[in-house]
Structure formats: C-alpha cells, structure tokens
Amino acid sequence: VAAVQVAQDHPRRLDGAGRVVAVDERHYLLPATRDALADHAAAAAPDGRLTLAAFRARTGLGRNLAIAVLEHFDRTGLTERDGDARRLTPAGRRRG
C-alpha cells in the first residue's frame with residue numbers, strides 16, 4: 001500500500017516542482033510537450049477557432065486525452081470554450 005501511495009504522489013510532487021504539468025488528475029505532460037501541443041493548437045486554428053477534430057488530426061491524440069488537454073488550455077487561458085469549439089485567446093494566438 002505504501003508503494004502505491006508513493007507512485008500516486010510522485011507526479012504531484014513533480015508538478016509542484018515544475019518538472020511536469022498536470023493536465024488533469026490522471027494525465028501529466030512534460031512542459032515542453034505541453035508547449036508543443038499549444039503550438040499545434042494554434043496551428044490547427046488559423047482563423048482562431050479550434051475544434052476537437054482539428055486538434056486531434058493535428059496531434060494524433062486520442063479523444064479523451066485531447067479533451068483533457070483542451071480543457072487544460074481553457075483553464076490556463078490559452079483557449080476559451082465557445083460552444084462545440086474553442087477560440088484562441090490572445091496568448092494562444094501568439095503561439096501560432
């Protein structure tokens with residue numbers, strides 16, 4: 001049981017140290033990977049409107065992880081939810 005707790009807490013400690021980025025409670029990314037995905041999001045939305053389908057096509061991510069990443073971008077201010085799509089914020093547009 002103690003080994004399981006350590007394994008579950010390890011990503012949280014790395015997130016606190018800035019070595020990984022918590023996308024949600026189950027998914028963690030290296031900061032460089034998160035930045036690359038943000039660049040892909042900007043490139044997949046030349047008109048400023050980003051759909052899940054366009055993001056998945058550009059990144060090759062599965063549906064659940066792509067949704068988690070896009071929700072992370074919403075929380076961190078790179079995108080804003082707009083119906084079934086997202087709008088790139090000024091911070092998100094600067095990446096493209």
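Leu50 has a bridge partner in strand S5: Arg86. This pair is one place to start reading the model, which is predicted. Three bridges join strand S3 to S5, and the two strands run antiparallel. S5 covers residues 85-88.

**The sheet**

- S3, S5 and S4 form an open sheet of three strands, in the order S3-S5-S4. The pairing is antiparallel.
- Which strands stand at the edges? They are S3 (49-51) and S4 (79-82). Each has a single partner strand, so one side of each is left without a neighbour in the sheet.
- Neighbouring strands of this sheet are turned by 35° against each other on average, ignoring direction.
- As a general point, strands of a sheet pair through backbone hydrogen bonds, either parallel or antiparallel.

**Helices H4 and H2**

- Helix H4 spans residues 63-76. It lies across S3, S4 and S5. Against S4, H4 runs at about 110°.
- Helix H2 spans residues 31-43. The axes of H2 and H4 come within 11 Å and cross at roughly 90°. That crossing makes H2 roughly perpendicular to H4.
- Which residues of the two helices meet? H2 brings Arg34, Leu37, Ala38 and Ala41. H4 brings Val69, His72 and Phe73.
- Sorted by character, the residues of this contact are five nonpolar, one polar and one charged.

**Thr89 in its loop**

- Thr89 sits in the loop between S5 and helix H5 (90-93).
- Is Thr89 buried or exposed? Its relative accessibility is 9%. The cut-off for buried is under 20%, so Thr89 counts as buried.
- What does Thr89 touch, leaving aside its neighbours within four places in sequence? Its contacts are Gly77, Leu78, Thr79 and Glu80.
- Strand S4 covers 79-82, and Thr79 and Glu80 are among the contacts of Thr89.

**The chain as a whole**

- The protein chain has five helices and five strands.
- From the N terminus on, the elements run α-β-β-α-β-α-α-β-β-α.
- The chain has 96 residues, and 30% of them count as buried.
- Take the contacts with a separation of 6 or more. Residues 24 or more positions apart account for 35% of these.
- The accessible surface of the protein chain comes to about 5,900 Å². Carbon and sulfur atoms hold 52% of that surface.

Terms used. Residues are numbered from 1 along each chain as its sequence is written. This is a predicted model: local features need pLDDT of at least 70, side-chain atom pairs count only at pLDDT 80 or more; totals for chains, interfaces and linings use all residues. Side-chain values use heavy atoms; hydrogens and water are left out. Two strands pair if DSSP finds at least two bridges between them. Helices (H or I, at least four residues) and strands (E, at least two) are DSSP runs, numbered from the N terminus. Axes are lines fitted to C-alpha atoms, for helices over the stretch in contact, and angles run from 0 to 180 degrees between N-to-C directions. Contact means heavy atoms within 4.5 Å. Angles under 35 degrees count as roughly parallel, over 145 as roughly antiparallel, 65 to 115 as roughly perpendicular and the rest as oblique. Ala, Val, Leu, Ile, Met, Phe, Trp, Tyr, Cys and Pro count as nonpolar, Asp, Glu, Lys and Arg as charged, and the others, Gly among them, as polar. Buried means under 20% relative accessible area, exposed over 50%, partly exposed in between (1.4 Å probe, protein chains only). Accessible areas come from the Shrake-Rupley method with a 1.4 Å probe; for residues, only the protein chains shown count as cover.
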